[in-house]
Amino acid sequence: MATVSVAAEWQLLYNRYYRKPELYQMQWKHVDLTRNKVACSPFGGPIAVIRDDAKIVQLYAESALRKLRIFNSAGVQIAETVWKNPGGRLVGMSWTDDQTLICITQDGTVYRYDIHAEPLESLSLGKDCFTHSVVDCVFWHNGVVCINEAFQVFCIPDFKNPNPIQLADPGLEDFPLSMTVIEPQYTMSGNVEVLMAVGDHVLLVEEDGIQQLGVGIGPLQKMVVSRNGKLLASYTHDGRLLVMSTDFSNIIFDYTCESALPPEQLAWCGMDSVLLYWDDMLLMVGPYGDPVRYIYDEQILLIPECDGVRILSNTSMEFLHRVPDSTVSIFQIGSTLPAALLYDALDHFDRRSAKADENLRLIRSSLPEAVEACIDAAGHEFDISQQRTLLRAASYGQAFCSHFQRDRIQEISKTLRVLNAVRNSEIGIPLSIQQYKLLTPSVLIARLINAHHHLLALRISEYLGMNQEVVIMHWACTKITTSSATPDANLLEILLDKLKLCKGISYAAVAAHADKSGRRKLAALLVEHEPRSSKQVPLLLSIGEEDTALTKATESGDTDLVYLVLLHIWQKRPALELFGTIQSRPLPRDLFISYARIYKHEFLKDFFLSTGQLQEVAFLLWKESWQLAKNPMASKGSPLHGPRIKLVEKAHGLFAETKEHVFESKAAEEHAKLLRIQHELEVTTKQAIFVDSSISDTIRTCIVLGNHRAATKVKTEFKVSEKRWYWLKVFALATIRDWDALEKFSKEKRPPIGYKPFVEACVEANEKEEALKYIPKLADPRERAEAYAGIGMAKEAADAASQAKDGELLGRLKLTFSQNAAAASIFDTLRDRLSFQGMS
């Protein structure tokens with residue numbers, strides 16, 4: 001009897017069964033669909049209702065103010081708001097995928113609301129729509145196409161990035177009979193395509209052009225594109241339903257209806273049939289067989305879904321869809337398929353009848369398929385008791401089936417528990433299992449929390465093993481927003497009690513929302529519980545807790561965070577306040593000094609001065625003087641050397657104030673004095689070759705240039721020793737090959753460095769004759785011997801070496817003349833003589 005009652009509710013369309021179970025008795029009151037504009041969101045989403053201002057209606061006990069009301073699919077009111085928006089008549093209303101309500105008025109203004117009727121940012125379709133009113137619009141998931149009185153077509157392809165664009169001019173002289181769209185995801189170009197029924201053909205309008213399709217097929221008074229974008233259902237002027245491909249190349253079927261009047265609504269029921277609704281009749285037409293008729297005595301609204309159509313009336317919500325094959329195999333009258341016998345076996349088992357075992361033996365080989373059919377049928381059921389019975393039948397069969405996935409029943413049970421929970425009238429989301437799989441659990445969770453069903457969302461997340469953080473975070477933010485009267489301390493306790501349920505949750509994000517909501521104290525209390533410094537510190541800065549942020553950043557040891565805080569304070573506070581903040585904190589202080597030493601010298605000087613570190617300021621000044629030296633203009637001589645000298649002099653003054661830096665003070669003083677002399681030399685000689693050279697190089701250069709007075713001045717100023725002076729002058733004169741001056745210099749007095757440097761200077765200049773003037777004056781015979789050897793005079797070198805009575809020296813000098821046999825023999829003879837005398 002149960003089998004007969006289930007199948008008796010079905011309607012046969014050719015060889016396919018359809019059923020229309022009632023999902024809800026609508027709980028709203030005084031809602032008449034004929035008097036209102038209604039927008040229903042797919043996937044069991046919310047319903048928006050507002051009085052239709054295009055109709056003259058009688059007001060009963062209701063207010064004259066129009067209200068936008070939002071209900072769930074069971075008619076339970078979620079929110080309402082008074083409609084006070086300007087812009088003229090409301091042309092169209094629809095929901096986006098993220099359940100944002102879109103309302104378009106005549107002047108092209110797009111008003112947006114969330115599910116709680118809270119207004120979001122509005123936008124405009126543009127000046128043309130303001131000048132020429134919007135007449136009609138067609139929505140799809142996340143976009144809309146509008147046509148205005150000037151027959152211009154405008155489109156917003158995606159409300160997440162709402163940039164209106166104008167499509168190609170269709171060249172219309174009158175409004176199209178009907179209009180529909182092919183969504184961007186189903187077009188070759190990736191852009192929306194608009195189909196407009198004009199005369200006996202259809203115009204395909206795109207952004208960059210138009211095409212004429214289906215000439216002679218019209219006029220088409222209604223058009224609707226299938227969910228996959230491949231088929232077009234249309235109603236012709238002579239009462240025919242045409243289903244064809246969207247490129248109009250192939251007519252799938254042609255059905256003549258009894259009415260020449262176009263239906264009020266035309267919709268696809270899945271992909272298998274088309275629904276046409278007139279005033280009191282709903283007609284379901286398939287490609288084969290006679291249509292199915294449903295009679296209604298009240299206005300209905302068709303809500304297409306991926307696997308059927310929800311039917312909304314003033315009193316109920318129904319779901320018209322194809323009966324799954326698994327359900328047909330079990331409940332079809334007279335069915336003897338394995339699934340039906342398994343279902344029947346459970347009934348016999350419950351009645352303790354031996355026929356249960358007989359049924360199982362009949363389907364032994366097909367038992368896995370029968371179990372799977374029962375599981376699948378249970379998934380498609382809305383009636384909970386029927387779900388239980390089918391799952392019991394599957395479980396009963398599975399007990400006798402060794403080769404079946406043991407977790408299939410557990411999986412479908414989990415899914416059904418979730419679906420039954422959200423189908424409850426208080427939640428009002430009547431998802432089918434196919435819709436649930438297409439929507440995905442994560443999106444369902446997001447929709448639940450947006451509707452403020454946080455507890456159910458949390459339980460489902462926990463049950464399915466999903467991340468609960470997003471639910472708790474949303475709940476916490478919502479709690480803060482809606483608890484303006486609750487004291488911070490009490491609200492903090494409530495929040496922490498729930499936030500601790502989820503490890504790793506971002507307290508900083510909740511604190512940021514509290515700050516955004518104007519509760520800075522609560523934000524400061526919350527952020528204290530954030531364990532991750534990378535999230536904690538930026539938020540502390542945003543709420544003005546710079547000192548705490550610096551402490552937390554320092555404790556973390558993350559130099560990037562410390563720099564973040566330092567740069568933030570740098571911009572917000574006076575310099576002295578910053579210096580006071582970091583002075584007692586070693587890490588921030590050292591990082592600040594490292595940064596400022598490279599990028600902010602002046603700022604760093606102020607810091608050192610404020611902390612009494614004069615020597616550090618002096619070092620900075622000295623460094624700046626060297627930076628000036630790197631300027632290309634400095635090599636040209638003059639203007640930049642003045643500031644350089646002043647910087648070094650300032651450094652000298654600062655060093656002089658500290659007892660520990662006497663050396664640096666003296667060095668800075670002499671450096672400034674040298675720079676000044678070198679600068680004067682460059683000015684007088686007009687040669688940029690003195691600045692930044694050493695004292696020795698300066699003296700040498702002066703002598704080379706013949707400026708002996710300047711060289712003597714430098715010697716005197718810097719107290720250059722006589723020995724160094726002689727060395728410098730000897731080699732400088734040799735460099736310019738002024739041999740007369742060199743000889744004269746050697747005779748001024750006995751040189752303190754001896755005559756060896758004179759010899760070396762001449763030898764380096766390859767002037768042997770000049771060297772011979774000084775070699776005899778060398779007092780040490782060893783030096784004379786080596787000097788003679790250096791200019792190739794073997795005999796004189798041998799004589800000098802013999803005077804030194806140094807056999808080792810003779811051996812060395814012999815090696816010098818190894819290529820000259822005669823000279824080598826002289827050294828051997830002398831060495832043998834020394835050996836004979838016992839004086840080697």
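**Charge pairs in the predicted model**

In this predicted model, Asp350 and Arg392 pair up in a salt bridge, with 2.8 Å between the closest N and O atoms. The bridge ties together distant parts of the chain, as Asp350 belongs to helix 4 (residues 338–350) and Arg392 to helix 7 (residues 384–398), 42 residues apart. Both ends are partly exposed: Asp350 has 41% relative accessibility, and Arg392 has a relative accessible area of 41%.

That pair belongs to a bigger set, since a search of the whole structure turns up 21 salt bridges. One of them joins Glu318 to Lys20, whose closest N and O atoms sit 3.2 Å apart. Here the two residues are 298 apart along the chain, with Glu318 in strand 30 (residues 316–322) and Lys20 in the loop between strand 2 (16–19) and strand 3 (22–25). Glu318 is buried at 11% relative accessible area, whereas Lys20, at 21%, counts as partly exposed.

Asp515 and Arg520 form another bridge, again with the closest N and O atoms 3.2 Å apart. Asp515 is buried, its relative accessible area being 18%, while Arg520 is partly exposed at 43%. Salt bridges with shared partners also knit Arg16, Asp272, Arg322 and Asp325 into one network.

Then there is Arg69, in strand 6 (residues 67–71). Arg69 is buried but has no salt bridge. The nearest side chain of opposite charge belongs to Glu80, 4.9 Å away, and a salt bridge has to fall within 4 Å, so this pair does not qualify. Glu80 is nonetheless among the contacts of Arg69 beyond four places in sequence, along with Lys29, His30, Val31, Ile47, Ala48, Val49, Gln77 and Ala79.

Technical notes:
Residues numbered from 1 in each chain as written. Predicted model: local features only at pLDDT ≥ 70, side-chain atom pairs only at ≥ 80, totals over all residues. Heavy atoms only, no water. Helix = DSSP H or I, 4+ residues; strand = E, 2+ residues; numbered from the N terminus. Buried < 20%, exposed > 50% of the residue type's maximum accessible area, 1.4 Å probe, protein only. Lys, Arg positive; Asp, Glu negative; His and termini not counted. Contact = heavy atoms within 4.5 Å.
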